[in-house]
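Work through the exercises below with the sequence and the model open. Each task is followed by a stepwise solution.

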Amino acid sequence: MTKLQYIIALLVLSSFSGCSEHQPPPGTEQPSFDRNEVTPFETVEDAIAFVKAYDGKAEDLQLPISDSLIDDVGANMAIITDQVLAKDLWPDGFEQRDGYRLYSYKPAE
């Protein structure tokens, strides 16, 4: 991935915010996505741990990020996205939910 592609990816990801539930401890299991049980990630560190531990298909990854992590500059999502890109995954949009965003991913092109 070139620097330009990387920068574009970070900009795209900073405009997205999404999350999906996770199960404690963070980063150990793929979360279930029952809307009644969703617990979004509240810290960048927990989201990164989950992404680093994720070993499934890109299309199955959904990352719940609390609205509290969505900062004006997009720095938190840029940090998380850096880890996602390192796994050759590409952002594929998000769904805004009550108090968090659920990010989806696809294989890198």
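**Exercise 1. Classify the packing of H2 and H3.**

Step 1. Locate the helices: H2 covers residues 44–53 and H3 covers residues 75–86. Helices (H or I, at least four residues) and strands (E, at least two) are DSSP runs, numbered from the N terminus.

Step 2. Take the angle. H2 and H3 pack at about 15°, with their axes 9 Å apart. Axes are lines fitted to C-alpha atoms, for helices over the stretch in contact, and angles run from 0 to 180 degrees between N-to-C directions.

Step 3. Apply the cut-offs. Angles under 35 degrees count as roughly parallel, over 145 as roughly antiparallel, 65 to 115 as roughly perpendicular and the rest as oblique. H2 and H3 are therefore roughly parallel to each other.

Step 4. List the residues that meet. H2 contributes Val-44, Ala-47, Ile-48, Val-51 and Lys-52; H3 contributes Asn-76, Ile-79, Ile-80, Gln-83 and Val-84. Contact means heavy atoms within 4.5 Å.

Two notes on the source apply throughout. This is a predicted model: local features need pLDDT of at least 70, side-chain atom pairs count only at pLDDT 80 or more, and totals for chains, interfaces and linings use all residues. Residues are numbered from 1 along each chain as its sequence is written, and side-chain values use heavy atoms, with hydrogens and water left out.

**Exercise 2. Derive the strand order of the sheet and place H3 on it.**

Step 1. Collect the pairings. Two strands pair if DSSP finds at least two bridges between them. E1 and E3 run antiparallel, joined by five bridges. E2 and E3 (residues 100–107) are antiparallel too, over seven bridges.

Step 2. Write the order. The sheet is open, with three strands in the order E1-E3-E2 and antiparallel pairing. E1 (62–66) and E2 (89–97) each have a single partner strand, so they stand at the edges, and one side of each lacks a neighbour in the sheet. From one strand to the next, the twist averages 25°.

Step 3. Check the turn. E2 and E3 form a hairpin with two residues between them. Gly-99, in the turn, has a positive phi of about 90°.

Step 4. Add the helix. H3 lies across E1, E2 and E3, at about 135° to E2.

**Exercise 3. Follow Tyr-103 through its bridge partners and its ring pair.**

Step 1. Find the partners. Tyr-103 in E3 is the bridge partner of Phe-94. Leu-63 also stands opposite Tyr-103; Leu-63 lies in strand E1.

Step 2. Compute burial. Buried means under 20% relative accessible area, exposed over 50%, partly exposed in between (1.4 Å probe, protein chains only). Leu-63 is buried at 0%. Tyr-103 is buried at 1%. Phe-94 is partly exposed at 33%.

Step 3. Describe the rings. A pair of aromatic rings is described by the distance of the centres and the angle of the planes. Rings of Phe, Tyr and Trp (its six-membered ring) pair if their centres lie within 6.5 Å; planes under 30 degrees apart count as stacked, over 60 as edge-to-face and the rest as tilted. The centres of Phe-94 and Tyr-103 are 5.9 Å apart with planes at 45°, so the pair is tilted.

**Exercise 4. Which residues do ring pairs link into a cluster?**

Step 1. Count the pairs: the structure holds three. Phe-41 and Phe-50 form a tilted one, 5.3 Å centre to centre, with 45° between the planes.

Step 2. Check accessibility. Phe-41 is buried at 0%, and Phe-50 is buried at 2%.

Step 3. Join the links. The cluster consists of Phe-41, Phe-50 and Tyr-54.
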